[in-house]
Amino acid sequence: MNRTLLVTCGHLVRHYQRFAADLEAQGIVVSIPPVKGQQLDSAEMCEAIVGQRLVIAGDDVIDRPVLEAGKASGLEAIIKWGIGTDGIDKPAAAELGIAVYNTPGVFSEEVADCAAGYVANLARGLHLMNASVRSGGWLKVEGMSLSGRTVGVIGLGGIGRATCRRLNAFGMTVIGYDPAQIDPALLAREGVTQASLDEVLSRGDFVVVTCALTPESYHLLSTEAFAHMKDGVRLVNVARGPVVDEQALIAALESGKVATAALDVFETEPLPADSPLRKFEQLMFGTHNGSNTAEAVDRVNRLTVDLAFDLFGISGKPPRLVPLVAT
């Protein structure tokens, strides 16, 4: 039986030797292609996917050409390492009969830690003082007290609710937007009240983005959205870069509508060397790294490998996760 597995997720590749013996003992033939950037593009995936039955993917581009190339040579399922599947053409996968899995709820706490850390940092300018001391200065930043301030969280899934819990502990008034109606009792336990998007934008001293990237959330923070925000608002994005229209953000930074921002994600990753965002010294940048802790990586690596065992029929049990796209 064909037991071929393509691994393109960098987190699993880094720790592959921890799982190599178990995989090889079951006759699984693992392919690990070189990754020049953060992920494989469509052409690279089209080449790598040929002859593979399963894929454990990172943020690679898995569009219709990739899926058709895979299907033609026996591809049965894609396991997305992590939560976001915006890089996978799920309608095409459904049409071609290729199952798509992700690993929901695996690092809500870790990304929430990161989001809360960014909020505290922006309130006190810790990154600015660090840069000053390193360059020989002694900058004193007059910060902002968080207690009593209002924060609007966009996206009330697992990450959003965990973020609300942390921000509530800062003594902030926490309101949140989600297109789905969330159980008020569940939100009350996290100290957040669900509100409209307009209310979240207009009331927030901070706006924190934790939602999934969907066609509806693409460029959700547009020129119009920034116009609804308070003057001097502080923005945190730990979701996906394209939720924020970067050209609109640049204009909002230039006008002072946005005082500062912490961006863990960008529309193009890595952030291009010529990106206009780089000129704003008040910005704090991350490297799409909110989920990257030793504990979370180990947890998801183990889960994706175990799911592969399920799908190959090695475990003798049904798949331990429910597919986003079923066959």
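This passage describes the overall fold of the chain and then the surroundings of His 127. The model is predicted; local features need pLDDT of at least 70, side-chain atom pairs count only at pLDDT 80 or more, and totals for chains, interfaces and linings use all residues. Residues are numbered from 1 along each chain as its sequence is written, and side-chain values use heavy atoms, without hydrogens and water.

The chain holds 13 helices and 12 strands. Both are DSSP runs, numbered from the N terminus: helices are H or I with at least four residues, strands are E with at least two. The C-alpha atoms fill a box of roughly 65 × 50 × 35 Å along the principal axes. Of the 327 residues, 50% count as buried. Buried means under 20% relative accessible area, with a 1.4 Å probe and protein chains only. Contacts (heavy atoms within 4.5 Å) often link distant parts of the sequence: among those with a separation of 6 or more, 64% join residues 24 or more positions apart.

His 127 lies in helix α7, which spans residues 126–134. The residue is buried, at a relative accessible area of 15%. Its side chain reaches the backbone oxygen of Gln 282 at 3.2 Å. This is a polar contact, a pair of N or O atoms within 3.5 Å; within protein, one must be able to donate a hydrogen and the other to accept it, and residues adjacent in sequence count only if both atoms are side-chain atoms. Gln 282 also appears among the contacts of His 127 beyond four places in sequence. The others are Asn 121, Leu 122, Thr 260, Leu 283 and Met 284.
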